[in-house]
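Thanks for coming. I will go through one model this morning, from the whole chain down to single residues.

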Amino acid sequence: MPLFRSVSALALLAVLGVSAPAAAQEPAQTAAQAAQESAPFTDAQRKAIEAIVKDYLVKNPEVLQEAIAEGERRAQETQRLAQAAAIKEAREALTNSPNGVIAGNLNGDVTLVEFFDYNCGYCRKAFFDLQALMKSDPKLRVVLKDFPVLGAESLEASKLALAAKLQLKGDRMFDFHGKLLESKGRVNGERALALAKEFGLDLEKLKKDAQGPEVKAALAENMGLGDKLGLSGTPAFIVGEEILPGAVGLEPMKKTVNDVRQCGHASC
């Protein structure tokens, strides 16, 4: 009695540690036969099976490619579900924390959250898309989260920008953010102070506030959220329960916002 009906396919399953489906097994087995067939392969049998598997994959490489693609798809889906759960749990801190800079329609029906770094070139590029999106969508609410992951200069700039928020309100703070983000070269504390002077801020208060508890709390919250959401870089946009990593462009952002508005999900 043969052990398998299809040696090549089922040998592959055996090496991968997958049991043969019931339909591919002999319909009737005695207890002795079952025990014999469930015993470990001998070295000779294993080598023979490995040779069959190798031959099969060499002749059918698309099988391996499909398996790899499916593994990547499953990993991405697992990550997406984990991030969606994390977003749901952190929703209040993401959208309504007093530590964020709020722009656009303060009572908008959809909130877009951006994690950014002042020295991120892609953040600068995405800022133009964000401005265009806000201009075309008067119902959009935007929350900006300082996420200084690109070094000490970024951290200096974020501290002073968050301190500036204590003196600037509404559109003026968004203007300050945009001008600091669009600065040429590396953005650091010196550049942030120079811009603050242009905006007529109290510089001594600004420097003191930059080292104060409110700024420290804001940065700690943002870094904690980024870690919880598994963010690996900037910019990262969050709409609904979806994370859009990178400067994805205006149209994808617009579509995601519209889908969330229409059906409550990032993709209808």
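**Walking through the model**

Let me start with V149, which counts as partly exposed at 37% relative accessibility; the classes are buried for under 20% relative accessible area, exposed for over 50%, and partly exposed in between, with a 1.4 Å probe and protein chains only. Before going on, the ground rules: this is a predicted model, local features need pLDDT of at least 70, side-chain atom pairs count only at pLDDT 80 or more, and totals for chains, interfaces and linings use all residues. Residues are numbered from 1 along each chain as its sequence is written, and side-chain values use heavy atoms, with hydrogens and water left out.

V149 sits in the loop between β3 (140-146) and α7 (152-164). Helices and strands here are DSSP runs numbered from the N terminus, helices being H or I with at least four residues and strands E with at least two. Together with L150 and M223, V149 forms a nonpolar surface patch of about 220 Å² accessible area. A patch takes residues with over 30% relative accessible area and no salt bridge, joining like charges within 9 Å and nonpolar side chains (Val, Leu, Ile, Met, Phe, Trp, Tyr) within 5 Å. A salt bridge, for that purpose, is a side-chain nitrogen of Lys or Arg within 4 Å of a carboxyl oxygen of Asp or Glu. Areas come from the Shrake-Rupley method with a 1.4 Å probe, and for residues only the protein chains shown count as cover.

Now the chain as a whole. The secondary structure comes to 12 helices and five strands. Of the 268 residues, 38% are buried. The accessible surface is about 15100 Å², and carbon and sulfur atoms hold 55% of that. Among contacts (heavy atoms within 4.5 Å) with a separation of 6 or more, 73% are between residues 24 or more positions apart.

Next, helix α11 (213-229). N222 is in this helix, and N222 counts as buried because its relative accessibility is 0%. What does N222 touch, not counting residues up to four places away in sequence? The list is F115, K145, D146 and F147. With D146 there is also a short atom-to-atom distance to report: a polar atom of the N222 side chain lies 2.9 Å from the backbone oxygen of D146.

K145 turns up again in the contacts of S97, along with E92 and E221, once neighbours within four places in sequence are left aside. S97 is in the loop between α5 (91-96) and β1, and is buried at 7% relative accessibility.

After α11 comes a loop leading to β4 (236-239), and P235 lies in it. The peptide bond between T234 and P235 is cis, with omega about -5°. For context, most peptide bonds are trans.

On to aromatic pairs. How many does a search of the whole structure find? Four. Rings of Phe, Tyr and Trp (its six-membered ring) pair if their centres lie within 6.5 Å; planes under 30 degrees apart are stacked, over 60 edge-to-face, and the rest tilted. F116 and Y118 are edge-to-face, because their centres are 5.0 Å apart and their planes at 80°. F116 is buried at 1% relative accessibility, and Y118 is buried with a relative accessible area of 1%. F176 and F199 are another edge-to-face pair, at 5.4 Å centre to centre and 75° between the planes. F176 is in helix α8 (residues 171-181) and F199 in the loop between α9 (189-198) and α10 (203-210), so this pair ties together parts 23 residues apart in sequence. Both F176 and F199 are buried.

Staying with α8, its buried residues are M173, F174, F176, H177, G178, L180 and L181. They pack against β1 (101-104), β2 (110-116), α6 (121-136), β3, α7 and α9.

From α7 I picked A157, which is buried with a relative accessible area of 0%. Leaving aside neighbours within four places, A157 contacts Y118, L180, V187, N188, G189 and A192. The C-alpha atoms of A157 and R191 are 7.7 Å apart, with their positions 34 residues apart in sequence.

Last, is E89 buried or exposed? E89, in helix α4 (residues 61-89), is exposed, with a relative accessible area of 61%. E89 and K228 are 139 residues apart in sequence, and 9.9 Å apart in space, C-alpha to C-alpha.

How values were computed:
Polar contact = N/O pair within 3.5 Å; in protein donor to acceptor, adjacent residues only side chain to side chain.
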